[in-house]
Amino acid sequence: MSLPNLIQEKYDAALNSKDLLFFETTKINKNVDGVEFEITYAPSLAKKPESDPTVEEKKKIKVNPFLPPHPTLYVQDIGEEHSVVLNKFCVVPRHIILVTKEFKSQSQPLFPGDLLAAWQCMMTAFGTTPALVFYNCGPFSGASQPHKHLQIVPLQGQNPQPPIKALFNQIRDRKAGQIYVLENLPFVHVITPLDRSFIDSSTDNEEIADYLAQMFFGLLDAMFQQLRKHATPDREISYNFIMTDQFMMIIPRSRELATLSQENLQVSINSLGFAGMLLVKTPEELASLEKHSDLMQVLKNVGYAWNPDADMEDSIEQ
Ligand code: AMP
């Protein structure tokens, strides 16, 4: 059976047996500096059931939900090192997780095998529907599970791209492999276009894996360079990674929770937030984001501020 059909069949069965919980949402859009932010409100996620073991037991033993994955949620292996698993708690139907078969840490970077498996899933898991890969790396990235896992969601709607793509589209004369910063974003980040003609023409998986890893590590290195210029991080570096079939982007993270002004509310932000897709669980959080004057500042709050004078200082030094 093809991967899209298998995912659909497993998804329907797991939903039916209640091993997978789908949470109804409503969405609002908010345009900020050309990015059409999507705020997803999932009130029932706030009441997410604490499944077995009980909450008290859970405090004592840390259960790893991916070792092994629940049989009803397991879809299939991809290569020798990864399995595709359905997200147990989803707000997007068929949200899948690519987990390492052996325990590896979520603080590790992505290696060629991780990137190849993610690319293959992204390109095939949902048929012709485009998809987004993301990786929440490190303790301040918004990850909840310490076992290495990437996530892949199908992109819906009329323009199935993450909202941040609008800024990528504005990079003039962009070239695959060049590393860019997006104009006006107030937080440190780096982005690079991918060479689709190279990937699509290659029939050698090892070559594709090496290419993706070269792009990833080039971007990671550029992220550290940007960080050195713009900030003085005082803690272990966490970051968010986003990949579509067009680009890769990395955003370093200073903290997990964004404080929403005035109301003492905090929301957890992960890679999807930087893709332009924010998730809230309570009416207060929704109202606060809805009336927030600048959602980019919410992201800056959990990233590292972009210092507009840093490049100037550099050119003075030279
Ligand atoms: P993160 O929070 O980014 O670390 O992603 C972990 C994902 O795993 C979340 O989206 C959870 O909904 C999902 N999850 C939690 N428990 C399970 C489980 N038992 N099986 C499959 N997915 C799970």
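Helices are DSSP runs of H or I with at least four residues, strands are E runs of at least two, and both are numbered from the N terminus. This is a predicted model, where local features need pLDDT of at least 70 and side-chain atom pairs count only at pLDDT 80 or more, while totals for chains, interfaces and linings use all residues. Residues are numbered from 1 along each chain as its sequence is written, and side-chain values use heavy atoms, with hydrogens and water left out.

**View A. Helix α3, residues 112-124.** There are 13 residues in α3, and the run from first C-alpha to last spans 18 Å. That is close to the expected 18 Å at 1.5 Å a residue (the rule is 1.5 Å times one less than the number of residues). Which residues of α3 are buried? They are D114, L115, L116, A117, A118, W119, C121 and M122. Buried means under 20% relative accessible area, exposed means over 50%, and partly exposed is in between, using a 1.4 Å probe and protein chains only. As background, an α-helix has 3.6 residues a turn, so residues three or four places apart point the same way.

**View B. The residues around the ligand.** The shell has 14 residues, and N87, N136, S144, H149 and Q151 come nearest (a residue is in if one of its heavy atoms lies within 4 Å). Sorted by class, the shell has seven nonpolar, six polar and one charged residues. For the classes, Ala, Val, Leu, Ile, Met, Phe, Trp, Tyr, Cys and Pro are nonpolar, Asp, Glu, Lys and Arg are charged, and the others, Gly among them, are polar.

**View C. Polar atoms facing the ligand from N87, K88 and N136.** A polar contact is a pair of N or O atoms within 3.5 Å; within protein, one must be able to donate a hydrogen and the other to accept it, and residues adjacent in sequence count only if both atoms are side-chain atoms. From N87, a polar side-chain atom sits 2.7 Å from a ligand oxygen. K88 uses its backbone instead, with a polar atom there 3.2 Å from a ligand nitrogen. N136 brings a side-chain N or O atom to 2.9 Å from a ligand oxygen. As for cover, the ligand on its own has 500 Å² of accessible area, and the protein takes care of 86% of that (Shrake-Rupley areas, 1.4 Å probe).

**View D. I97 in strand β7.** The strand runs over residues 96-100, and I97 is buried because its relative accessibility is 6%. Along the chain I97 and Q151 are 54 residues apart, yet their C-alpha atoms are 4.4 Å apart in space. Q151 also turns up among the residues that come nearest to the ligand.

**View E. H189 in the loop between α4 and β10.** Is H189 buried or exposed? H189 counts as buried, because its relative accessibility is 1%. Polar atoms of the H189 side chain lie 2.6 Å from the backbone nitrogen of L182 and 2.8 Å from the backbone oxygen of F187. N184 is in that loop too, between α4 (165-169) and β10 (190-193), but N184 counts as exposed because its relative accessible area is 66%.

**View F. Backbone oddities at D33, N184 and the L67-P68 bond.** Most residues other than glycine have a negative phi, and most peptide bonds are trans. D33 goes the other way, with a positive phi of about 50° although it is not a glycine. D33 sits in the loop between β2 (26-32) and β3 (35-41) and is exposed because its relative accessible area is 52%. N184, also not a glycine, has a positive phi of about 75°. The bond joining L67 and P68 is cis, with omega about -5°, and P68 is in the loop between α2 (55-60) and β4 (74-78).

**View G. Aromatic rings around F216 and F217.** The structure holds seven aromatic pairs. F216 and F217 make an edge-to-face one, 5.1 Å centre to centre with 85° between the planes. Pairing takes Phe, Tyr and Trp rings (six-membered ring for Trp) with centres within 6.5 Å; planes under 30 degrees apart are stacked, over 60 edge-to-face, and the rest tilted. F216 is buried because its relative accessibility is 0%, whereas F217 is partly exposed because its value is 34%. Ring pairs join F111, F216, F217, Y239 and F241 in a cluster.

**View H. Helix α6 and its start at D204.** Residues 205-230 make up α6, which has 26 residues and reaches 37 Å from first to last C-alpha, close to the expected 38 Å. At its start, a side-chain oxygen of D204 comes within 3.0 Å of the backbone nitrogen of E206.
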